[in-house]
Amino acid sequence: MTAPLLAVENLRVTFALPDDPHTAIRAVDGVSFDLAAGQSLAIVGETGSGKTTLARALLGLHPAGAVAGNIRLDGRELTALDEQGWRPIRWRRIALAVQNAGTAFDPVQRAGDQIAEPLREHLGLSGSDAWARALDLAGEMGLGERHLRSYPHQLSGGEKQRLMLAMALSCAPDILIVDEPTSGQDMLTRAKMLALLDRVRQDTGISLLLISHDLAAVARLADRVAVLYAGKLAEVGPARDVLQRPRHPYTWGLLNAYPNMSTARDLRGVRGGLPDPAHPPAGCRFHPRCTQAVDECRRVDPPLQPVRDRLVACHLGGLQTLLRVDRIAKTFSLNGNGFRVEAVRDASLDVLEGEVVAVIGETGSGKTTLGRLVAGMLDPESGAIAFREQDVSDLSGAALKSVRRQVQLIPQDPFDTVSPRLTVAEIVREPLDVQRIGAPADRVAAVREALAAVGLPDGDSFLTRRPHELSGGQLQRVVIARALVLEPKLIVADEPVSMLDASEQAKLINLLKDIQNERGMGLLLISHDVALVRKVADRIVVMRDGAIVESGPASRVVTRPQHAYTRALLGAAPSFDWFEDPGPASGA
Amino acid sequence: MKSRFALTLLSLWAVLTLNFLLPRWLPGDPLAALLDPDSSSYVYNAEVRGALEAYYGLDRPLGEQYAGYLTGALSGDLGRSIRLNQPVTDLLREHLPWTLLLTLSALIAASLLGVIAGSEAAWRRRSPVDRALVVVSVVASNAPVFFTGMILLILFGVELRWLPLAGGRTPFARYDNTLAQVRDYGAHLLLPALTLTLALVGSKFLLVRNSVIGVLGEDFMLVARAKGLPPRRLKRNHALRNAIVPFVHHLAAHAAFAITGALFIETLFQYPGMGRLIFESVVARDYPVIQGVFLVVSVLVLGANLLADWLTARLDPRTQEN
Amino acid sequence: MQITLPQAARAVRRPHAPAAIRRLAASLGGEGVIGLALLGAFAIVGIAAPLLAPYDPADFSGAPLERPSAGHRLGTNDVGQDILSELIVGARISLAVAIGAAGGAVLLGLLVGGVAGYAGGWLDTALMRLVDVMMALPQLPLLILVTALLGAGLGQMALVFAALFWPGMARVIRAQVLSLRRRGYVAQARSFGAGPVYILRRHILPAIGPLIVFGLVTAAGRAVVFEAGLAFLGLGDPTAKSWGLMMRYALNLPGLLLTDRWLWWLLPPGLCITLLILALNLLGIGLENHLDPRLKRP
């Protein structure tokens, strides 16, 4: 492999706080990546993750002494350069298109002069030659002399953006850094900008370093993606793979928060917020927001290391596979006459941390059996069930008990699974009593907390009620609270809302998703209701006659079903297609 | 620009009208007192008293007085000085050049110093030099001009005896050539101009420094640096070019302040400008002269305002359209 | 409930100290604190002047033109009055004019600015034109003319200052009133059923309060400058010997600068004026840095 055009190694950018010079902020902390000629790399992350700081470091724009590590351009070390040494690199080799084109131009000089300026500086062109070249560049962007002669305030936002691109490309640099090319734009302007960048890339073969939190733009323009979190890279890999199957929990969270047209699922933000840059958390910087953090994450900063096709900075190798079901089967004998029903045949599926996998199918398709197998209430006849990469059948004693505790089932009919004689408090604390967890007082506190988490009153009067005094929705919440007291990592919910009316259904399904977002866990949602599960499911598994006939990302399964049975299920799902004129009654 | 011009005309009218109304409306009837033999400010010189009666025309109806005043003022008749028995216009013509010389030379010096020091300090902000300059500027621009003037006068005029103590030129001097004349005028100008420069430079320095710092934080400065431009070009073509707009805009306010300062300084250094004139007129309650000075200074300040606006518009393309 | 780390960290780093003083210092910045301290010192001297002054400054307590001695720390003036006593009592006069002028200017500014902002329409246009014209006029020559015609009493002087200084305040107040009207929270509060007293107390005053303080401080600073200047030009109130008037009288002595007499007669009042103006302007800078940036002086 030839040396990359740009090689960044262990780059660190450190600032002193302006009003507190003794507190250092490390905005970029040990970032390494390569950019090959003609390649396009996207750096994504939330606002404040250090993306822009990183981009400016590549042009030597930080104060002297702020940047450490290596930046090599064609093998030449740049970090050691002084201001004078950087000048021939800037714009001639690496150019920058800043985030806001509106402020990129000096307001008191004509746009054309500002495009011509670097041409005169770097290429030594005369004033008229530089102007002519600027005119060519503007022409390529669909603009002309009039625009060059205008002052910035006389130009529209779109024109300024195109001229900024013309300015950035004026000296035909090897690398173009584009900082947030689409932020704050309406969808049509954004689409034009992306098309323009795409064309520039194809026409010039320039290397593109795209700084963005716009994941769709990244998917369109980038070959590779580097995810930056609090100054450190969390995940680096091929753009499509990273965006389709994120490994790092942060990438996963970003994707869940990104609004797009390819899913009907609701948006979820990454819980918590970016750490204070002056006082980053010890260990993995993402651990306070990570739902699968273990003790090591709090102590040791994970290095960026290869995990299959990409690099991930996570002690657990990225999102954990909480559940792996591998070709399991279960048959029941009917009436003892030797006639056997294959309830589940050869079924395989995975549930990752934070993921909602929905199993859909009609009654009798074997989905409840699959759920009970996963929950450990039944044993498979063949195949294996692994929880957190550990085969459950290998476990016994305390280890098995711990797994049982971490997998909880929410049954279809709440009335069936609670004793009518117990109080709410007794119902919810039953698992704790059974597993002998905590002192009795702690258990009461845990009960109250679980009840509050599911939106129920946690006062004494409610704690002493009995099931017949509760509504269906309340009882189902009590059952969910009972599942939560053990702090499970995987919840198997078997038609958790099918007994409820539509309004209660909506509230409960959102509650489940909220709880998952906050606490982190896998959710295996068993349902016959496609319309409902597509609002929360990441992936959908379709079962028929005990076998899985189709599985895939929820959006794909819903919009482009492969199997005839899936199409039939979807066709039968409720829909308001026959409305001619949508919109609620005006009430006038 | 058009509205600015209208505002200038409106202000000019306000100045004229105030000048007309104030002596007539303020309590105590100061004008009547001039003509009242029982009053302490009675003008004994009959010729002057006659001129005053004619100029103010207090016995005529107010509208007629106003019309007479306006036509007189616009045609250059500002009455006669009580003290010197000379037309006010002649007195103004005699003193105005000195004030203009002092004010303009101090304004130019302070502007140059302020722009250079201000932009350099901005580039080196938070450095010891910058901090020191800021402190000195704040103190210098807060000291009353007559106080700084006195200190300079004592230091350079009395203690060191480098420069003449007072006046605009050596009395009764005859000059062999123009150079000698310029040297004499310059030597007399130096201390007053230095005093005024000191009073003006602080705020100019701070203004330029803060505007340049503001400009340095702008995106386009980052882009200009990213373009690989040499520091000289960054400073001059981008940073200063932008920072100069608010500076020029403030020149007008500075001009008013400079003229005000000049009035004090002339009093202190007995410089033969309008400040000296106004001081002597105040002592003698020579109302027509005070009114005349007020009018002329107002016209100067309004003109400076207009000029600054016009320059700002020329420098900042953003203001041209609206 | 999860406490985010930054909050926790900050809570640890900033220990509980004299909270009110710390908050004030933080909101004023270094300049503001120095200005406030200086101003406080002058205010104390001004209030306690009769106690601090060794003599009645009007008394002829010594021989004329005495040099500094134990009896007269700053010597005596040309008629034998104690200069130190004059200086101490002079603080009162400067401060009194400043307070009167600033208070009047702010009241007028509030009135005109408030009316213009609330009424809008032609009244607003007319009042703002008036403000534009007033701000375009050169103030010192106008002051000289008015004071020369009117005669100089301290009260009159404060009134004239107030009449000249209100336009800047009016402009700022109008802008703030307009911005308050535009912003949603007043309308929102009204929609919750809030009465005018509540809105004034909860929304208007907090928004206008800092502007009033800033306006007071800047107007006071200018009043001190102009009072000293007018006194220096001989237009001061001869019955109230301010620092400016002290300098005027000192300079009236022929050849004062040729002896070292200026050291105790001229320099102290000059320094006092400078320090008082500096104090007010530093406080103004401190306040300005923490005002709504959109309402800063142009």
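These are my notebook entries on a predicted model, with lookups in chains A, B and C.

**Entry 1. A sheet in chain A**

I looked up the strand order first. Chain A holds an open sheet of six strands, ordered S18-S19-S20-S15-S21-S22, and the pairing is mixed. Which strands stand at the edges? I find S18 (407-410) and S22 (547-553) of chain A there. Each has a single partner strand, so one side of each lacks a neighbour in the sheet. I noted the turn between neighbouring strands of this sheet as well: 15° on average, with direction ignored.

I then followed the edge strand S18(A) to its partner. S18(A) runs parallel to strand S19 (residues 490-494) of chain A, and four bridges join the two. For one position across this pair, I recorded Gln408(A), which stands opposite Ile491(A) in S19(A).

**Entry 2. Helices across that sheet**

I checked which helices lie across these strands. Helix H13 (residues 397-406) of chain A lies across S18 and S19 of chain A. Its direction makes an angle of about 40° with S18(A).

Helix H12 (residues 367-374) of chain A lies across five strands of chain A, namely S15 (356-360), S18, S19, S20 (522-527) and S21 (539-544). Against S20(A), H12(A) runs at about 155°.

How many of the eight residues of H12(A) are buried? I get six, and the helix is mostly covered. The buried ones are Lys367(A), Thr369(A), Leu370(A), Gly371(A), Leu373(A) and Val374(A). I note that Lys367(A) is on this list. After H12(A) comes Gly376(A), with a positive phi near 85°.

**Entry 3. Positive phi outside glycine**

Most residues other than glycine have a negative phi. I therefore wrote down two residues that depart from this, one in chain A and one in chain B.

Trp91(A) has a phi near 70°. I find Trp91(A) in the loop between helix H2 (83-86) and strand S6 (94-97) of chain A. Is this tryptophan, Trp91(A), buried or exposed? Its relative accessibility is 0%, so I count Trp91(A) as buried.

Asn85(B) has a phi of about 55°, again positive and again not in a glycine. Asn85(B) sits in the loop between helix H4 (62-74) and H5 of chain B. Because its relative accessibility is 21%, I count Asn85(B) as partly exposed; the limit for buried is under 20%.

**Entry 4. Chain B and a nonpolar patch**

I went through chain B as a whole. Chain B has 12 helices and zero strands. Its C-alpha trace spans about 80 × 55 × 40 Å along the principal axes. Of its 322 residues, 52% are buried. I looked at contacts in chain B with a separation of 6 or more, and 74% of them are between residues 24 or more positions apart. The accessible surface of chain B is about 14,700 Å², with 64% of that on carbon and sulfur atoms.

Which residues form the nonpolar patch on the surface of chain B? I list Leu100(B), Leu104(B), Ile108(B), Leu112(B) and Ile116(B). Together they have about 470 Å² of accessible area. I placed Leu112(B) in helix H5 (residues 88-123) of chain B. Its relative accessibility is 53%, which is why Leu112(B) counts as exposed. For the spacing in the patch I recalled the helix geometry. An α-helix has 3.6 residues a turn, so residues three or four places apart point the same way.

**Entry 5. Chain C and Ile99(C)**

I repeated the survey for chain C. Chain C has 12 helices and zero strands. The C-alpha trace spans about 75 × 55 × 30 Å along its principal axes. Buried residues are 49% of the 298 in chain C. Among contacts in chain C with a separation of 6 or more, 69% link residues 24 or more positions apart. I noted about 13,900 Å² of accessible surface for chain C, 68% of it on carbon and sulfur atoms.

I ended with one residue. Ile99(C) lies in helix H4 (residues 83-119) of chain C. Ile99(C) counts as exposed because its relative accessibility is 62%. How far apart in space are Ile99(C) and Val79(C)? I have 30 Å from C-alpha to C-alpha, for a sequence distance of 20 residues.

Methods:
Residues numbered from 1 in each chain as written. Chains lettered and ligands numbered in written order. Predicted model: local features only at pLDDT ≥ 70, side-chain atom pairs only at ≥ 80, totals over all residues. Heavy atoms only, no water. Patch = residues over 30% accessible without salt bridge, like charges linked within 9 Å, V, L, I, M, F, W, Y side chains within 5 Å. Areas by Shrake-Rupley, 256 points an atom, 1.4 Å probe, with all protein chains shown as cover. Salt bridge = Lys/Arg side-chain N within 4 Å of Asp/Glu carboxyl O. Buried < 20%, exposed > 50% of the residue type's maximum accessible area, 1.4 Å probe, protein only. Pairing = 2+ DSSP bridges. Axes fitted to C-alpha atoms, helices over the stretch in contact; angles between N-to-C directions. Contact = heavy atoms within 4.5 Å.
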